[in-house]
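Reader: Hey, got a minute to go through this one with me? I'd like to talk about charged pairs.

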Amino acid sequence: MYLSHEKGSVCRHPSEDFSLSNIRYFSRHKGEVNCCVFSPDCQILLSCCDDGRLYLWNATSAEHLATVSGHSGPVKSCVFSTDGQLFASASHDCTVRIWCSSSTKCTHILTGHTRSVETVSFSPDGQWLLSGGWDNRALIWRVRCGEMFEELRGHTAAVQSSVFSSDSQCVATGSWDRSVRVWKLHGGKEVVTLQGHQGNVACLCFSVTGMLASGSWDGTVRVWLPERSTCLFVLGGCERVWIRSLAFSRDGRVLASAAEGDMGHKDSAFGCVFSPGGELLVCGSEQLDEEGDEEKSTEEGSERWTSLNREQDDKDGACYLSLQGF
């Protein structure tokens, strides 16, 4: 509960209006689910995995629509463009790929990084793509032609997370050097360095109101006002939890996080994202699939859920996404 600005009135916290109504399992993955994201119309769910592939799903029925191959290493990050016509992926194979959503054909292979690429983000206006990786650099690309536009240098360790501001004028990057850096898009000028985390910064998220959330392997989430270089508050602080993903709801009132060691999943949660309308929250986690059979149906995977957690020895790995309705 929290107090409103009107004297004496008490408002409900937004999270109190949420109730768990549905969970579905998407069970064709053959490794950790590193990232998952909705298409802008909320019809398609895109996930990427350590098995080197991306997966497209019907978000309503959980039907598997397509498996997208091309990377030669684990796929660490994926994202849809704002209009949903494209999606992009970042991989341990040192490349970023841009794909056509309708045909799942690769339109551009971006090869500027010299080590594993850990993060990729589209600008809200659809013109730019931001990537970062183990070469300590963040690169900005022109989406239309696939050419590198700008290189952002300043981090002293791997760049693990990236995000554009809602007006596409600024970008933020998070690093293993424990800092968050905010840059102007044109000119590559660093606006501010945000420090305070005691571990690598694994995820970032801007709200529509301009707040920036950062999640770290120190177990905390920090919420900042970048233009003032101010940390508004710190959430969490559990040493045994590594924050892996953050998502603001569309109106910016609710912030969700997924963590390795999170008790909300039977194993660990590696990704979370709100649907565009805010009605759904999807999380990705690793579970064990009996016999590791890629052709097993979603319904079969769901029915085996209880038994899988009682009989985990000598089983092949597979991953599930849980789709939760609120």
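Author: Sure, with one definition up front: a salt bridge here is a side-chain nitrogen of Lys or Arg within 4 Å of a carboxyl oxygen of Asp or Glu. Keep in mind that this is a predicted model.

Reader: OK, how many salt bridges does that rule give?

Author: The count comes to 5 salt bridges. One of the pairs is K76 with E118, where the closest N and O atoms are 3.1 Å apart.

Reader: Where do K76 and E118 sit in the chain?

Author: K76 is in strand β7 (residues 75-80) and E118 is in strand β11 (residues 117-122), so the salt bridge ties together parts that are 42 residues apart in sequence.

Reader: And E118, is that buried or exposed?

Author: E118 counts as buried because its relative accessibility is 12%, and the cut-off for buried is under 20%. K76 comes out at 22%, so K76 counts as partly exposed.

Reader: Why would such side chains pair up at all?

Author: In general, side chains of opposite charge can pair when their charged atoms come close.

Reader: Fair enough. What does E151 pair with?

Author: E151 forms a salt bridge with R137, with 3.3 Å between the closest N and O atoms. That pair links distant parts of the chain, 14 residues apart: E151 is in strand β14 (residues 148-152), while R137 is in the loop between β12 (128-133) and β13 (138-142). E151 also meets the side chain of R153 in a salt bridge, at 2.5 Å from N to O.

Reader: So which residues make up the network there?

Author: D135, R137, E151 and R153 are linked in a network of salt bridges.

Reader: How about accessibility for R137, buried or exposed?

Author: R137 is buried, with a relative accessible area of 10%. R153 is exposed at 57%, and E151 counts as partly exposed at 32%.

Reader: Switching topic: how many helices and strands are in the chain?

Author: The chain has 2 helices and 27 strands.

Reader: And what share of the residues counts as buried?

Author: Of the 326 residues, 53% count as buried. The accessible surface of the chain comes to about 14800 Å², and 46% of that belongs to carbon and sulfur atoms.

Reader: Last one: what about contacts between residues far apart in sequence?

Author: Taking contacts between residues at least 6 apart in sequence, 45% join residues at least 24 apart.

Terms used: Residues are numbered from 1 along each chain as its sequence is written. This is a predicted model: local features need pLDDT of at least 70, side-chain atom pairs count only at pLDDT 80 or more; totals for chains, interfaces and linings use all residues. Side-chain values use heavy atoms; hydrogens and water are left out. Helices (H or I, at least four residues) and strands (E, at least two) are DSSP runs, numbered from the N terminus. Buried means under 20% relative accessible area, exposed over 50%, partly exposed in between (1.4 Å probe, protein chains only). Contact means heavy atoms within 4.5 Å. Accessible areas come from the Shrake-Rupley method with a 1.4 Å probe; for residues, only the protein chains shown count as cover.
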